[in-house]
Amino acid sequence: MSIISFVGGAAVFSSASGGKVYAFNNINTSANTQVAPANPSRRKITFHNPGDVDIFISPIITAAGVTLTPTTSALGGSFRVFANGGALTVEGECQTAWQALAASSSSKPLTVMDSNL
């Protein structure tokens, strides 16, 4: 007997997933917004900025186990994703929860794709 299936198909017997997409339209400067939950099976996460303002991405918890709360005047620990199509892909050790903060203005879009493959 053999099992024939495809990634994410009904007969797949693992936590593998071809990708989960999270869509946001509310990234602003007043507070960090969680954009991806922690995922112990994650292998890669991509952040794409379709908006007109740069967005800063950071893990919620640092490698030292400290909560990270960047602001537009204290950006240490964050990665800039440039406006108008910029993207950031993190692979490998990226299982923590992630957050985002806009460089200016309010209610900016961000697309996040989380993959266990």
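## Strand pairing, salt bridges and two loop residues

Thr46 stands opposite Thr89 in strand 6. The model in which this pairing is found is a predicted one, and the pairing belongs to a wider contact between strand 3 and strand 6, which run antiparallel and are joined over 6 bridges. Thr46 also has a bridge partner in strand 8, namely Met113, and here strand 3, which covers residues 44-49, pairs with strand 8 in the antiparallel sense over 5 bridges.

Strand 8, which spans residues 108-115, is in turn joined by 6 bridges to strand 1, residues 20-27, again with the two strands running antiparallel. Within that pairing, Lys20 has Asp114 of strand 8 as its bridge partner. Taken together, these strands make up an open sheet of 4 strands in the order 1-8-3-6, with antiparallel pairing. The edges of the sheet are formed by strand 1 and by strand 6 (86-91), each of which pairs on one side only. From one strand to the next, the twist averages 15°.

### The chain as a whole

The chain holds 8 strands and 0 helices, so that, read along the sequence, its pattern is β-β-β-β-β-β-β-β. Of its 117 residues, 37% count as buried. The chain exposes about 6,500 Å², of which carbon and sulfur atoms supply 56%. Where contacts join residues at least 6 apart in sequence, 81% of them join residues at least 24 apart.

### Salt bridges

The count of salt bridges comes to 3, and they are set out below with the N to O distance for each pair.

| Pair | N to O distance | Separation in sequence |
|---|---|---|
| Arg42 and Asp114 | 2.8 Å | 72 residues |
| Asp52 and Lys108 | 2.9 Å | 56 residues |
| Arg80 and Asp54 | 2.6 Å | 26 residues |

The side chains of Arg42 and Asp114 meet in a salt bridge, and this pair links distant parts of the chain, with Arg42 in the loop between strand 2 (33-36) and strand 3, and Asp114 in strand 8. Which of the classes, buried or exposed, does Arg42 fall into? Arg42 is buried, because its relative accessible area is 0%, and Asp114, at 1% relative accessibility, likewise counts as buried. Asp114 is also the residue that serves as the bridge partner of Lys20.

In the second pair, the side chains of Asp52 and Lys108 meet in a salt bridge. Asp52 lies in the loop between strand 3 and strand 4, whereas Lys108 is in strand 8, so the pair ties together parts of the chain that are 56 residues apart in sequence. Asp52 is exposed, with a relative accessible area of 52%, while Lys108 counts as buried at 13%.

In the third pair, Arg80 forms a salt bridge with Asp54; Arg80 belongs to strand 5, and Asp54 sits in the loop between strand 3 and strand 4. Arg80 counts as partly exposed at 41% relative accessibility, whereas Asp54, at 17%, counts as buried.

### Ser78 and Thr96

Two loop residues deserve a separate description. Ser78 is placed in the loop between strand 4 (55-59) and strand 5 (79-81). Its relative accessible area is 19%, and because buried means under 20%, Ser78 belongs to the buried class. A polar atom of the Ser78 side chain lies 2.5 Å from the backbone oxygen of Leu75. Once neighbours within four places in sequence are left aside, Ser78 is in contact with Phe56, Ile57 and Ser58.

Thr96 is placed in the loop between strand 6 and strand 7 (98-102). With a relative accessible area of 25%, Thr96 is partly exposed, because that class runs between the 20% and 50% cut-offs. Not counting residues up to four places away in sequence, Thr96 touches Pro37, Ala38, Arg42, Pro59 and Ile61; among them, Arg42 is the residue whose side chain meets that of Asp114 in a salt bridge. Ser58, which is in contact with Ser78, is 38 residues from Thr96 in sequence, and the two are 9.9 Å apart in space, C-alpha to C-alpha.

How values were computed. Residues are numbered from 1 along each chain as its sequence is written. This is a predicted model: local features need pLDDT of at least 70, side-chain atom pairs count only at pLDDT 80 or more; totals for chains, interfaces and linings use all residues. Side-chain values use heavy atoms; hydrogens and water are left out. Buried means under 20% relative accessible area, exposed over 50%, partly exposed in between (1.4 Å probe, protein chains only). A polar contact is a pair of N or O atoms within 3.5 Å; within protein, one must be able to donate a hydrogen and the other to accept it, and residues adjacent in sequence count only if both atoms are side-chain atoms. Contact means heavy atoms within 4.5 Å. Two strands pair if DSSP finds at least two bridges between them. Axes are lines fitted to C-alpha atoms, for helices over the stretch in contact, and angles run from 0 to 180 degrees between N-to-C directions. Accessible areas come from the Shrake-Rupley method with a 1.4 Å probe; for residues, only the protein chains shown count as cover. A salt bridge is a side-chain nitrogen of Lys or Arg within 4 Å of a carboxyl oxygen of Asp or Glu.
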